[in-house]
There are 2 protein chains.
Amino acid sequence: MLSFAEENYLKAIYHLSVSGQQSVSTNALSEEMKTKPASVSDMIKKLAEKRVISYQKYQGVKISDTGKKEALKVIRKHRLWEVFLVEKLKFKWDEVHDIAEQLEHIKSPLLTSKLDEFLGFPRIDPHGDPIPDENGQFSNAPKYPLSEVDVGKQVVIVGVENSDSEFLKHLDKIHISLGTKIIVNDKNEFDGLMQVELVGNGEVHISSKVAENLLVS
Amino acid sequence: MLSFAEENYLKAIYHLSVSGQQSVSTNALSEEMKTKPASVSDMIKKLAEKRVISYQKYQGVKISDTGKKEALKVIRKHRLWEVFLVEKLKFKWDEVHDIAEQLEHIKSPLLTSKLDEFLGFPRIDPHGDPIPDENGQFSNAPKYPLSEVDVGKQVVIVGVENSDSEFLKHLDKIHISLGTKIIVNDKNEFDGLMQVELVGNGEVHISSKVAENLLVS
DNA sequence: GTGAATTTTTAGGTTTATCTAAAAATAGAT
DNA sequence: ATCTATTTTTAGATAAACCTAAAAATTCAC
């Protein structure tokens, strides 16, 4: 049985493994977890003993198959609860992350599967991220940052790279949400500032900072 | 901000205060919490520092007004989540206690009030216990153990004194649930064994052990 | 390939929540 | 009212999850 702290570390290791090297450094992990590297060293020893990661001193950690399964269980719960909060309790998409961070640690496989059923077996969460099934399987349709789309192309918003409340509220303000269709009208060479058309809903300017965190397909 | 452990102690102190003396002994608390008296001594010092109880050495503890408010917040969440689990996720009433013990510690007042609204502002939980409102107010209609009802009287089941799964499953087996109307046909002087008629649904025998834990009005 | 910079680990300390064993205070019985 | 039994508290330990400071290993630059 993993503690809350252990689950959070494992989740971070999983995310860093997927989005970067398969080997995760102590420093990267300490930054992700907002703890000191020394604390990470302590924790990874415990996680290695529990066989959810493998680890050789000074060589970073690698998540194991059982570790991946455990991480995906937590991620599944996090995303199901986010769907619940938005679809059923009418939270806005920028309000749900912190609450789901708490709910994801509730331990009851039956609760998770009944929640899944209650929600109609959703496949993506309110930020466009895929929800793993009981076996940890999920569909991973390719997504690209809007910043990489060429001028003239039409794309659909399918996700966000980060779920910070400030970022999401900004998207609301410029009328961008999941499913929004946009056409890139112009992209500035110097600073990456984009002009995009919200199909049938006017034109907006999108900074490179925002464009890098907006995922399209 | 109270920790999970502190919330659990406070809840136990509240329950013991309501159902017994206003002053709660270290031993009673250690039994309720399934910890050693020495651990209780440690904890009540912390709770007294946080002003949620008052405490004089060797004299037991008394819950304060702020303590009562905090306890009722936790109890409110526990009971709302139980309603959610039974009404929305179709759990049986004997399955929800342990899950609600986890969910009751989720910290988000907005979540609690939105859940309350989603559930239609329920006033009692699946075991017949009243749900406090945001201000800690709740209706406390008087309830008596079935064991104290006289022969010939008709009453309605409105609650259970304990929520142990085994007890609740037994009630299911003998077709007793909240709202069931019963008439006491016979009560044995020696062992308290009762014969009761489930109005329009036959007759069952109820041991004193069960009758003491069944609340009626 | 050696020395400096960086990363990682170790050593030792803190807080929270528990424990056991022993000491102190209270309560009960005659 | 005193002596015994019970209750409660204190003292000292442990495990989890963090910290700081210092030591060790690795990496990078030239």
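**Two chains and two DNA strands**

In this predicted model, the residues that form the surface near DNA strand D fall into seven nonpolar, eight polar and five charged. Of the 20 residues found around DNA strand D, those that come nearest are Ser3(A), Ala38(A), Ser25(B), Asn27(B) and Ala38(B), a list that draws on chain A and chain B. At least two residues of this surface are supplied by each of α1 (4–19) and α3 of chain A, and likewise by each of α2 (26–33) and α3 of chain B, while the largest share, five residues, belongs to α3(A).

The surroundings of DNA strand C can be read in the same order. Here Ser25(A), Asn27(A), Ala38(A), Ser3(B) and Ala38(B) come nearest among the 20 residues around the strand, and the elements that give two or more residues to the surface are α2 (26–33) and α3 (37–49) of chain A, along with α1 (4–19) and α3 (37–49) of chain B. For DNA strand C the largest share, five residues, comes from α3(B), and the surface divides by class into seven nonpolar, eight polar and five charged residues.

Turning from the DNA to the protein chains, 14 residues of chain B are in contact with 14 residues of chain A. On the side of chain B that touches chain A, α5 (97–103) and α6 (109–118) of chain B each supply at least two residues, and α6(B) gives the most, with four residues. That side of chain B is made up of eight nonpolar, two polar and four charged residues.

Conventions. Residues numbered from 1 in each chain as written. Chains lettered and ligands numbered in written order. Predicted model: local features only at pLDDT ≥ 70, side-chain atom pairs only at ≥ 80, totals over all residues. Near = placed C-beta within 6 Å. Nonpolar A, V, L, I, M, F, W, Y, C, P; charged D, E, K, R; others polar. Contact = placed C-beta atoms within 7 Å.
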